[in-house]
Amino acid sequence: MLSWALIFLIIAIIAGALGLSGIAGTATNIAWILFVIGLVVALIFFIGGRRPPV
């Protein structure tokens, strides 16, 4: 999930450098959403931990 966020962030940076502000804004928003979702999932896994088998 975080790797996809990084990919969209790179796309946004390249699009911004080329002057494509619409694509850059959209890619930035997608990257931000994926980053937040990735952090939430990582936090859930961290809190849940690994449970021993019953």
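**Exercise 1. Classify W32 and describe its ring contact.**

Solution. W32 has a relative accessibility of 56%. The cut-off for exposed is over 50%, so W32 counts as exposed. The model is a predicted one, and the values here are computed from it. Next, take F35: its relative accessibility is 34%. Buried would require under 20% and exposed over 50%, so F35 counts as partly exposed.

Now examine the rings. A pair of aromatic rings is described by the distance of the centres and the angle of the planes. For W32 and F35 the centres are 6.1 Å apart and the planes make an angle of 35°. Planes under 30 degrees apart would count as stacked and planes over 60 as edge-to-face, so the W32–F35 pair is tilted. Both residues sit in helix α2, and because they are 3 residues apart there, about one helical turn separates them.

**Exercise 2. Find how many aromatic pairs the whole structure holds, and describe the one formed by W4 and F8.**

Solution. The search of the whole structure returns 2 aromatic pairs. W4 and F8 form a tilted pair, with 6.5 Å from centre to centre and 35° between the planes. These two residues lie in helix α1, which covers residues 2–17. They are 4 residues apart in α1, so about one helical turn lies between them. For F8, the relative accessibility is 23%, which means that F8 counts as partly exposed.

**Exercise 3. Compare the span of α1 with its expected value, then locate its buried face.**

Solution. Start with the length. Helix α1 has 16 residues, and from its first C-alpha to its last it reaches 23 Å. At 1.5 Å a residue, 22 Å is expected, and the span of α1 is close to that.

Then list the buried residues of α1: A5, A12 and A15. Viewed down the axis of α1, the buried residues fall within an arc of 90°, so they line one face of the helix. The face turned away from this buried side carries the exposed residues I13 and A17.

Take A5 as a check. A5 belongs to helix α1, and its relative accessibility is 7%. The cut-off for buried is under 20%, so A5 counts as buried.

**Exercise 4. Give two C-alpha separations between residues apart in the chain.**

Solution. First, A5 and I30 are 25 residues apart along the chain, and their C-alpha atoms are separated by 7.3 Å. Second, G25 and A15 are 10 residues apart in sequence, with 8.9 Å between their C-alpha atoms. G25 is located in helix α2. With a relative accessible area of 31%, G25 is partly exposed.

**Exercise 5. Which helix gives the most to the nonpolar surface patch?**

Solution. The patch measures about 1100 Å², and its members include M1, L2, W32, F35, V40 and F45. Helix α2, residues 21–48, gives the most to this patch, with 10 residues. One patch member, V40, has its place in helix α2. Its relative accessibility is 46%, so V40 counts as partly exposed. Patch residues need over 30% relative accessible area, and V40 at 46% can be checked against that cut-off.

Notes
Residues are numbered from 1 along each chain as its sequence is written. This is a predicted model: local features need pLDDT of at least 70, side-chain atom pairs count only at pLDDT 80 or more; totals for chains, interfaces and linings use all residues. Side-chain values use heavy atoms; hydrogens and water are left out. Patches are made of residues with over 30% relative accessible area and no salt bridge: like charges are joined within 9 Å, nonpolar side chains (Val, Leu, Ile, Met, Phe, Trp, Tyr) within 5 Å. Accessible areas come from the Shrake-Rupley method with a 1.4 Å probe; for residues, only the protein chains shown count as cover. A salt bridge is a side-chain nitrogen of Lys or Arg within 4 Å of a carboxyl oxygen of Asp or Glu. Buried means under 20% relative accessible area, exposed over 50%, partly exposed in between (1.4 Å probe, protein chains only). Rings of Phe, Tyr and Trp (its six-membered ring) pair if their centres lie within 6.5 Å; planes under 30 degrees apart count as stacked, over 60 as edge-to-face and the rest as tilted. The expected span of a helix is 1.5 Å times one less than its number of residues. The arc is that of the directions from the helix axis to the C-beta atoms.
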